[in-house]
Amino acid sequence: MSERSSRAAARARVRGNDYRVLRPPERLTPELTVSVVIPAYGGQDKLDLVLAGLARQTYPAELTEVIVVDNGSVPPLRLPEGRPARTSLIVCPEPGRAAARNAGLARATGDVIHWLDSDVVLTPGAIEAHMRWHHAAPYLVVTGYIRFTCADVPAELPGDLERHFEPAEPHAWIVDLVERTNGLTDNPQRPFSLHVGGATSVNARLIETAGPMDEELILGQDTEMGYRLAQAGAVFVPEPAARAYHLGPTMRMRDKQPIDRVSHAFVADRVPAYRWLRGHPGRQWKVPYVTVVVDGTAGYDVVRATVDALLASTIPDISVLLLGPWDTLQHERRAPLRDPGLDLVLVHGHYRHEGRVRLSVREDVDPAVPFVLRLPAGWMPGEDTLARLLDLARDEGLGLVNVLLHESPEGVVAARLERVSAFARARIVAERGEDLDDAVDAVSGVSWVEAETYGFTTEAASLLGRRSAYRARVEAEAEAARLAKEAERLRGQVAKWKEEAGRWRKSAVDLRREVGGLRRQLAAATRAQKSLRALVSTTMRRALGKRVP
């Protein structure tokens with residue numbers, strides 16, 4: 001790729017995973033080379049079809065190399081006649097797909113690595129569809145759309161793949177993921193799940209940064225590598241035009257639950273983004289969710305206050321990196337109270353055997369850790385402070401959250417919560433001399449918050465130990481049970497009152513009816529009385545009239 005084109009592609013800035021700002025060329029002038037790596041174990045008939053499909057690709061053959069890795073097949077695999085011109089076959093005796101892919105990766109020379117399974121046949125324009133994206137930006141992971149066919153495996157690759165292999169089933173969970181996230185552009189939390197080895201291409205420099213596949217994993221290698229690629233700054237792109245047919249169902253389609261059971265047992269230790277796999281309230285993991293960097297030379301008391309507050313956080317999935325000249329500490333005999341480096345000795349001795357604290361002479365944070373908090377010693381977070389900051393960064397997709405701790409004429413004291421993947425992307429796209437925080441703002445977003453709002457303080461608080469926390473929880477549970485019982489009693493009382501009120505309402509209706517009847521009787525009696533009075537009056541007048549001479 002020309003130097004000018006390379007610089008232009010590197011400056012393309014994708015915010016989050018919204019790759020729609022990129023403009024892959026409709027008419028591609030191919031410049032990048034691609035290495036197609038195919039691990040294979042047996043299945044010579046399917047491999048022959050896969051290589052025949054690669055020989056039909058529209059992407060230039062001189063820019064394409066194919067590396068088939070025989071992972072111990074018996075009999076050994078061979079290369080058929082109908083293969084691409086630049087195809088080689090190597091042998092990897094170490095069992096496992098990850099080992100085979102790494103062997104192929106070590107031999108690959110392409111600008112782009114295209115993973116391909118030995119039972120996935122690409123349609124003719126698939127690689128070109130991938131490479132359009134890679135010419136647009138140098139930090140992409142592109143996945144094609146695979147359809148699973150149950151058609152008979154032909155002796156030769158048909159001219160019309162669709163006619164022979166359809167009807168076929170789509171890769172359902174990828175289709176669902178893409179549809180739920182508007183093509184992975186709506187700030188998905190785990191876009192790296194798109195990295196599947198069947199038909200995915202990756203910029204080679206990203207792999208160089210992220211590292212090869214983890215050969216210790218039994219299953220889930222694709223997902224774990226996808227996570228590390230995301231940490232290295234990758235953007236994940238689903239490409240519908242890159243179509244392929246999988247010859248038969250996958251092992252996962254046949255045995256999803258037992259495969260997930262095995263995969264999750266190992267992936268949980270390596271992929272902090274899978275929060276639901278880390279439900280234990282206190283255990284440690286190989287890759288923590290957040291690492292906090294603290295200056296260990298600031299004095300024993302202030303360092304201890306800060307570190308102890310961090311370790312008491314509601315986020316137990318944490319590690320603390322204490323920076324200091326620990327390699328200068330000597331074990332020579334001297335009076336401890338007159339030791340000029342006493343505080344350093346105390347910090348070292350106090351945390352040397354704490355599993356979540358590491359003492360280091362340099363900042364060497366594991367690049368797989370998703371978040372790094374840089375916190376000045378002497379500032380203590382509240383119990384839920386770290387969790388709230390992480391929620392803010394995650395929910396708003398922020399690459400950097402600055403916490404204003406103190407402001408004075410001498411300057412600003414601040415803590416920084418950094419999203420590692422955002423800073424990795426920023427380093428790729430930042431121009432010479434540009435402030436890295438500005439590049440982070442462009443690709444992910446930056447925010448400032450007040451220390452007091454998030455519970456930071458310089459006053460060391462009493463920490464709830466496990467025993468006191470247990471007692472507090474038991475008391476809270478007992479109180480909750482008491483209140484629930486009281487609420488149930490009150491609900492019963494309310495029901496009783498409602499029942500009694502119903503009876504009162506019925507009685508009131510009956511009384512109203514009885515009063516109405518009495519009123520009618522009274523009215524009738526009144527009318528009768530008036531009639532009787534009128535009659536008596538008339539009769540008396542008549543009687544008196546007759547007596548008058």
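Pro75 lies in the loop between strand S2 (64-70) and strand S3 (87-91). The peptide bond leading into Pro75 from Val74 is cis, with omega near 0°. The model is predicted.

**Backbone exceptions**

A second cis peptide bond joins Glu166 and Pro167, where omega is about 0°. Pro167 sits in the loop between helix H5 (161-165) and strand S7 (168-170). Most peptide bonds are trans, and most residues other than glycine have a negative phi.

Asn182 departs from the phi pattern: its phi is positive, about 55°, although Asn182 is not a glycine. Leu184 is not a glycine either, and its phi is positive at about 70°. Asn182 lies in the loop between helix H6 (172-180) and strand S8 (199-203). Leu184 is placed in the loop between H6 and S8.

Here are the backbone values for these sites.

| Site | Backbone value | Loop |
|---|---|---|
| Val74 to Pro75 | cis, omega near 0° | Pro75 between S2 and S3 |
| Glu166 to Pro167 | cis, omega about 0° | Pro167 between H5 and S7 |
| Asn182 | phi about 55° | between H6 and S8 |
| Leu184 | phi about 70° | between H6 and S8 |

**Accessibility in the H6-S8 loop**

Is Asn182 buried, partly exposed or exposed? Asn182 has 41% relative accessibility, so Asn182 counts as partly exposed. That class runs from 20% to 50%. Leu184 has a relative accessible area of 0% and is therefore buried. The cut-off for buried is under 20%.

**Helix H4**

Why is helix H4 (residues 126-134) described as largely enclosed by the rest of the structure? Eight of its nine residues are buried, so the description follows from that count. Four of the buried residues are Ala126, Ile127, Glu128 and Ala129. His130, Met131, Trp133 and His134 complete the buried set of H4.

**Strand pairing around S13**

Strand S13 (residues 371-374) pairs with strand S10 (residues 290-295) in the parallel sense, over four bridges. Within this pairing, Thr291 stands opposite Val372 in S13.

S13 also pairs with strand S15 (residues 411-419). Which sense does the pairing of S13 and S15 take? It is antiparallel, again over four bridges. Arg374 stands opposite Arg416 in S15. S13 thus has a parallel partner in S10 and an antiparallel partner in S15. In a regular strand the side chains alternate between the two faces of the sheet.

Note on methods:
Residues are numbered from 1 along each chain as its sequence is written. This is a predicted model: local features need pLDDT of at least 70, side-chain atom pairs count only at pLDDT 80 or more; totals for chains, interfaces and linings use all residues. Side-chain values use heavy atoms; hydrogens and water are left out. Two strands pair if DSSP finds at least two bridges between them. Helices (H or I, at least four residues) and strands (E, at least two) are DSSP runs, numbered from the N terminus. Buried means under 20% relative accessible area, exposed over 50%, partly exposed in between (1.4 Å probe, protein chains only).
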